[in-house]
Amino acid sequence: MHKLYQTLNAQGLTFSASENMPVTGTFIPPEFGGDLRVSGGSKTAPLPQVVAGEAPAQVVDASGDQLVVPEQLRGVDPAKLLVAFDIDGTILGRDGSMSSAVLQSLRALDAAGANVVIATGRSIPAVAGVLTLLQLRHGFVVCSNGAVVLRTAPGKTAGAIDYKVVKTVTFPPAPIIDRLVEKIPDAYVGVEAVGSGFLVSEHFPAGELIGEQQVVGWQGLRQKEVTRVILRAPSLSAQDLKDIVAGLGIDTVQWDIGWTAWLDVVSEDSTKARALAELADTLGVDHAHTVAVGDGSNDVAMIDWASWGLAMKNGSQDAKSVAAAVLPPVTENGAALVGKLLLG
């Protein structure tokens, strides 16, 4: 049994049904411009486009003040660091591209021996392109806002990435789905099928879900414990959806609203922060040597948890309010400063 399994079992977390553990696979890189696919044929997110860019010339925060590495992180062996990055709005722009400066910064941290962890709300198929582009060494990835954790390693084929699911945290979806559908009957609803995609009430609008979609109807969504429930309400604004969900009083789970009327629901035991804390313990990284960078409401907990929590200028006010510093926006490659500062 992998050490992470042992650690998590000892803490009594809930795992998905035994027939779903472990989930393993390989992200196969595209050949001659083809689509990136998981072994077995499931289509995933494309490789992000890399655009030319440089790290900000001045090592300053979004307000123009000098950025200084906290004392507890100065001169630390990179192998004793855990540095977590969100994806969308942090290392990827709104158009899905990654700056060459950000790519080089993350690879430099990885090459120096730092434990670089991608921490995202994306599912496994949706994170495949980013991981294949980054080509990080053996490491961990936090998916689905902390509900799924992967262990990754270079694959046998050049450029391929092998992965294994080493943690899932699940909850019964029926009570949540029933209350959501009662209030928003025209919504698209799905539950995560770890490793492949989603079971859905009906097909989501084109381009809004990455991975396979299997239509199972409302009853099919309610049958088993799941890692995540998703809901898309095209007829509502993000604020309207937030108000409706807040009024339901569903305090037995964690939920976040995206930049559009998109809802993610995970177990109350699932946050990026909790997953990162468990990884730091497993890897033997002192909390004083942890860094987290993000932009959204689902990043607030990990930014607040980290010894050095950093938010993007383009991020939510909630994320910026708990950050030790605010980096220049993703359009100015602010995340590239992290490697520059930590590696000197």
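Two strands are taken to pair if DSSP finds at least two bridges between them. With that in hand, a good place to enter this predicted model is the bridge between W255 and V265, the latter being the partner of W255 in strand β15. The tryptophan's side of this pairing belongs to strand β14, residues 253-257, which is joined to β15 by five bridges and runs antiparallel to it.

Strand β15 also has a partner in β13, residues 229-232, with four bridges joining the two strands in an antiparallel arrangement. Here L231 has L263 of β15 as its bridge partner. Strand β15 itself covers residues 262-267, and six of those six residues are buried, so the strand is largely enclosed by the rest of the structure.

The wider setting for these pairings is an open sheet of six strands, arranged in the order β12-β11-β10-β13-β15-β14 and with mixed pairing. Its edges are formed by β12 (212-215) and β14, each of which pairs on one side only. On average, and ignoring direction, neighbouring strands in this sheet are turned by 25 degrees against each other.

Moving along the sheet, β13 repays a look at its two faces. In a regular strand, side chains alternate between the two faces of the sheet. In β13, V229 and L231 lie on one side and I230 and R232 on the other, and all of these residues are buried, leaving both faces covered. The arginine is thus listed among the buried residues of this strand. Strand β10, residues 188-193, is joined to β13 by four bridges, and the two run antiparallel. One residue to follow here is V191, whose bridge partner in β13 is V229. The same valine, V191, also has a bridge partner in β11, namely L199. That second pairing links β10 to β11 (residues 197-200) through four bridges, again with the strands antiparallel.

A further set of strands involves β16, β17 and β18. Strand β17, residues 308-312, is mostly covered, with five of its five residues buried. The burial extends to both faces: W308, L310 and M312 occupy one side, while G309 and A311 occupy the other. Strand β16, residues 290-294, runs parallel to β17 and is joined to it by four bridges. Within this pairing, V291 stands opposite W308. Between the two strands, the chain passes through helix α8 (residues 300-305), and the resulting β-α-β crossover is right-handed.

Strand β17 is also paired with β18, residues 325-327, in the parallel sense and over three bridges. In this case A311 has V326 of β18 as its bridge partner. The connection from β17 to β18 runs by way of helix α9 (residues 317-322), and together these elements make a right-handed β-α-β unit.

The loop between β17 and α9 contains S316. With a relative accessibility of 15%, this serine falls under the 20% cut-off and therefore counts as buried. The side chain of S316 reaches the backbone nitrogen of A319 at 3.1 Å.

Helix packing is illustrated by α4 and α6. Two packed helices are described by the angle between their axes and the distance between the axes. For α4 (residues 174-183) and α6 (residues 238-248), the angle is about 130 degrees and the axes are 11 Å apart. That angle makes α4 oblique to α6. The crossing in which α4 passes α6 is right-handed.

Finally, the loop between β7 (139-143) and β8 (148-154) deserves a closer look, beginning with S144. Although S144 is not a glycine, this residue has a positive phi of about 50 degrees. Its relative accessibility is 0%, so S144 counts as buried. The loop between β7 and β8 also holds N145. Phi of N145 is near 55 degrees, again a positive value in a residue other than glycine. At 5% relative accessibility, N145 likewise counts as buried.

Key: Residues numbered from 1 in each chain as written. Predicted model: local features only at pLDDT ≥ 70, side-chain atom pairs only at ≥ 80, totals over all residues. Heavy atoms only, no water. Buried < 20%, exposed > 50% of the residue type's maximum accessible area, 1.4 Å probe, protein only. Right-handed = clockwise from strand over helix to strand, strands pointing away. Polar contact = N/O pair within 3.5 Å; in protein donor to acceptor, adjacent residues only side chain to side chain. Axes fitted to C-alpha atoms, helices over the stretch in contact; angles between N-to-C directions. Parallel < 35°, antiparallel > 145°, perpendicular 65-115°, else oblique. Left-handed = near helix turned anticlockwise from the far one by under 90°.
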